[in-house]
Amino acid sequence: MPSIFDNLRCVLDNIAASAARAGRDPSEVRLVAVTKNVDAARICSLVSAGVGHLGENRVQEAAQKIPQVAGSPTWHLVGHLQRNKARHAVELFSVLQSLDSLELAAELDRRCATRGVSLDALLQVNISGESTKYGVAPDAAAGMLREMPRFEHLRVLGLMTMAPYSEDAEDARVWFRALRHLAGELSTLRLSNVAMDELSMGMSGDYQVAVEEGSTIVRVGTAIFGPRVR
Ligand SMILES: *Cc1c(COP(=O)(O)O)cnc(C)c1O
């Protein structure tokens with residue numbers, strides 16, 4: 001069975017090859033290793049192998065594991081955040097990839113102000129319109145971003161999306177392209193606290209296509225750690 005180090009090497013090689021195919025510099029693409037259902041010991045070995053960005057999808061699970069992981073990695077929350085967990089999330093995470101409502105933004109801003117910190121965030125967009133997915137509708141993104149300048153403790157760095165599940169990674173391309181185009185349109189708004197520099201798109205099944213389509217952040221779990229048990 002390949003080790004997580006072999007898997008990591010393979011993922012990094014694939015990112016570099018995809019970037020090269022698209023004429024991009026591989027250093028423009030950041031790997032966030034998604035560690036949900038992975039125990040702290042395995043997370044620590046990945047950090048010692050040089051992975052500096054980790055993603056969790058649930059606040060409670062992250063709260064248990066984050067204190068056990070040495071090396072001060074940057075933690076990203078990639079799953080839906082309920083407003084009543086905002087305070088906890090602000091304490092644990094440096095980047096919220098799943099900002100999806102004004103109410104959540106307001107609550108996070110308030111919690112950040114209390115703590116005297118600021119939080120980097122990505123606006124999650126439900127680019128495919130699937131009813132099972134979180135995220136704002138593409139045509140609601142501009143309206144939401146226009147409200148962001150009043151939340152002084154939040155900085156929106158860009159957009160995040162998940163493509164619909166498919167056996168064929170090529171099916172995701174149209175959605176990744178749509179997210180990139182949306183970011184291009186939104187970048188013309190020129191709002192304070194809002195940048196469109198980051199596109200978080202691509203998971204184990206489709207990160208290579210995502211990198212070809214301009215992803216700057218890929219969120220990869222299974223391809224590194226193997227299938228999730230539990
Ligand atoms: C679990 C998860 C991932 C990683 O999924 P894999 O298919 O295991 O790579 C990425 N993004 C989000 C939001 C997730 O919940």
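**Figure 1. Classes of the residues around the ligand in a predicted model.** The shell around the ligand is made up of five nonpolar, three polar and three charged residues. Its members are Val34, Lys36, Val78, Met162, Met203, Ser204, Arg219, Val220, Gly221, Thr222 and Arg228. Gly221 belongs to the polar class, because Gly is counted there. Lys36, Arg219 and Arg228 are in the charged class, because Lys and Arg count as charged.

**Figure 2. Polar side-chain atoms beside the ligand.** Three residues of the shell are shown here with their distances to ligand atoms. Thr222 has a polar side-chain atom 2.4 Å from an oxygen atom of the ligand. For Lys36, a polar side-chain atom is 2.7 Å from an oxygen atom of the ligand. Arg219 places a polar side-chain atom 2.9 Å from a nitrogen atom of the ligand. On its own, the ligand would expose 390 Å², and the protein buries 91% of that area.

**Figure 3. The largest pocket, where the ligand sits.** This pocket holds about 620 Å³ of space. Its lining consists of 28 residues. Nearest the centre of the pocket are Lys36, Met162, Ala163, Met203 and Arg219. Of these, Lys36, Met162, Met203 and Arg219 also surround the ligand.

**Figure 4. Classes of the residues that line the largest pocket.** Twelve residues of the lining are nonpolar, ten are polar and six are charged. Among the residues nearest the pocket centre are Lys36 and Arg219, and both count as charged. Met162, Ala163 and Met203 also lie nearest the centre, and these count as nonpolar.

Notes:
Residues numbered from 1 in each chain as written. Predicted model: local features only at pLDDT ≥ 70, side-chain atom pairs only at ≥ 80, totals over all residues. Heavy atoms only, no water. Near = heavy atom within 4 Å. Polar contact = N/O pair within 3.5 Å; in protein donor to acceptor, adjacent residues only side chain to side chain. Areas by Shrake-Rupley, 256 points an atom, 1.4 Å probe, with all protein chains shown as cover. 1 Å grid on protein atoms, 1.4 Å probe; cavity = no way out; pocket = protein on both sides within 12 Å on 5 of 7 lines; lining within 4 Å. Sits in = over half its atoms within 2 Å of the grid points. Points joined across faces, edges and corners; volume = space filled by probe spheres on them.
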